[in-house]
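I opened my notebook next to the viewer and looked things up one by one. Here are the entries, in the order I made them.

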Amino acid sequence: MVRRNDQRRAALVDGAIEVLAAQGARGLTFRAVDTAAAVPPGTASNYFANRDDLLTQAGARVYERLHPDEATLTRQRTAGRDRETYVQLMRELVDRIAAFRTGYLALLELRLEATRRPELRAVLTERIREDVAANVTYHEASGLPGDATAVKLLYLALNWLIVEQLTLPDVFTPAERDELVAAAVERIVTPDEDR
């Protein structure tokens, strides 16, 4: 029987994210999740049908926690519509993702695990496609310069910059990271795409 206490489920999924980030997919057991969530042994097995269910829900939870809050969205909607604003928005995005280090590392582990689990691959592919499409739609509605291809290129470039920051943080200084974000926007979002 799958339990329905939403707060307990969220704590367990957050625990799974911490386990994935610290120990990788091989370390993700119900017992490890129970320990990370500080719940009695056997609790996770009451909330998740199996390990695949736990992996899938962990991936969804990472995206849920990375979504900007309403105050950030409101501020972004009222910001300027030029490349300088775009640079600032991308810096904030990189900072927000880097601030949730364990979540992003867990997502990387899930991506690796998806190469071995077709069901997880299908779920992650759908989720990431939806995320990219939502970013393109948001961008197009925002009036910011650039097109869908620019959004996708920035997505790809900044994702690897974030991987570098989280896994090998001494490769680039914070100042270099900010300069790279600005350069990515300036080179990918060309002036003739400005609206």
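**Entry 1: a pair inside one helix**

I started with a charged pair: E64 and R61 form a salt bridge, with 2.4 Å between the closest N and O atoms. A reminder to myself before going on: this is a predicted model. Both E64 and R61 belong to helix α4, where they sit three residues apart, about one turn of the helix.

Is E64 buried or exposed? I looked it up: E64 has 51% relative accessibility, and the cut-off for exposed is over 50%, so E64 counts as exposed. R61 has 17% relative accessibility and therefore counts as buried, since buried means under 20%.

**Entry 2: R61 again, with another partner**

Next I followed R61 to D14, and I found a second salt bridge there, at 2.7 Å from N to O. This pair links distant parts of the chain: D14 is in helix α1 (residues 6–23) and R61 is in helix α4 (residues 51–66), 47 residues apart. I noted D14 as buried, and R61 likewise.

My general note for this page: side chains of opposite charge can pair when their charged atoms come close.

**Entry 3: E70 and R77, then the network**

I also looked up E70, which forms a salt bridge with R77; the closest N and O atoms are 3.2 Å apart. E70 is partly exposed, with a relative accessible area of 48%. R77 is partly exposed as well, with a relative accessible area of 43%. I then checked for shared partners, and salt bridges of that kind join D14, R61, E64 and R65 into one network.

How many salt bridges are there in the whole structure? My search of the whole structure gave nine.

**Entry 4: how α1 and α4 meet**

The D14 and R61 pair made me curious about their two helices. The axes of α1 and α4 come within 9 Å and cross at roughly 95°. An angle of 65 to 115 degrees counts as roughly perpendicular, so I wrote down α1 and α4 as roughly perpendicular to each other.

Which residues meet there? On the α1 side I listed R9, A10, V13, D14, A16, I17 and L20. On the α4 side they meet L54, L55, Q57, A58, R61, V62 and R65. D14 and R61, the salt-bridge pair, are both in these lists.

**Entry 5: L55**

I picked L55 from helix α4 for a closer look. At 1% relative accessibility, L55 counts as buried. What does L55 contact, leaving aside its neighbours within four places in sequence? I found L20, L28, L110, E113, R117 and L120. I also took a C-alpha distance: L55 and I17 are 38 residues apart along the chain, and 8.9 Å separates their C-alpha atoms.

**Entry 6: rings and charges**

I looked for aromatic pairs and the count came to zero. Charges over rings gave me something to write down, though. The charged end of R9 sits over the ring of F48, 5.3 Å from the ring centre. R127 lies over the face of Y63, at 4.4 Å from the ring centre. R9 turned up before, among the α1 residues that meet α4.

**Entry 7: two alanines**

A38 caught my eye in the backbone angles: its phi is positive, about 55°, although A38 is not a glycine. I placed A38 in the loop between α2 (30–37) and α3 (43–47). A38 is exposed, with a relative accessible area of 70%.

My other alanine was A183, in helix α10 (residues 174–188). A183 is partly exposed, at a relative accessible area of 23%. A183 and V87 are 96 residues apart in sequence, yet their C-alpha atoms are 8.6 Å apart in space.

**Entry 8: stepping back**

Last, I looked at the whole protein. I counted 10 helices and zero strands, and along the sequence the pattern reads α-α-α-α-α-α-α-α-α-α. The C-alpha trace spans about 60 × 35 × 30 Å along its principal axes. Of the 195 residues in the protein, 42% are buried. Where do the contacts with a separation of 6 or more come from? For 70% of them, the residues are 24 or more positions apart.

Definitions and conventions: Residues numbered from 1 in each chain as written. Predicted model: local features only at pLDDT ≥ 70, side-chain atom pairs only at ≥ 80, totals over all residues. Heavy atoms only, no water. Salt bridge = Lys/Arg side-chain N within 4 Å of Asp/Glu carboxyl O. Helix = DSSP H or I, 4+ residues; strand = E, 2+ residues; numbered from the N terminus. Buried < 20%, exposed > 50% of the residue type's maximum accessible area, 1.4 Å probe, protein only. Phe/Tyr/Trp six-rings, centres within 6.5 Å; stacked < 30°, edge-to-face > 60°. Lys NZ or Arg CZ within 6 Å of the ring centre and 35° of its normal. Axes fitted to C-alpha atoms, helices over the stretch in contact; angles between N-to-C directions. Parallel < 35°, antiparallel > 145°, perpendicular 65-115°, else oblique. Contact = heavy atoms within 4.5 Å.
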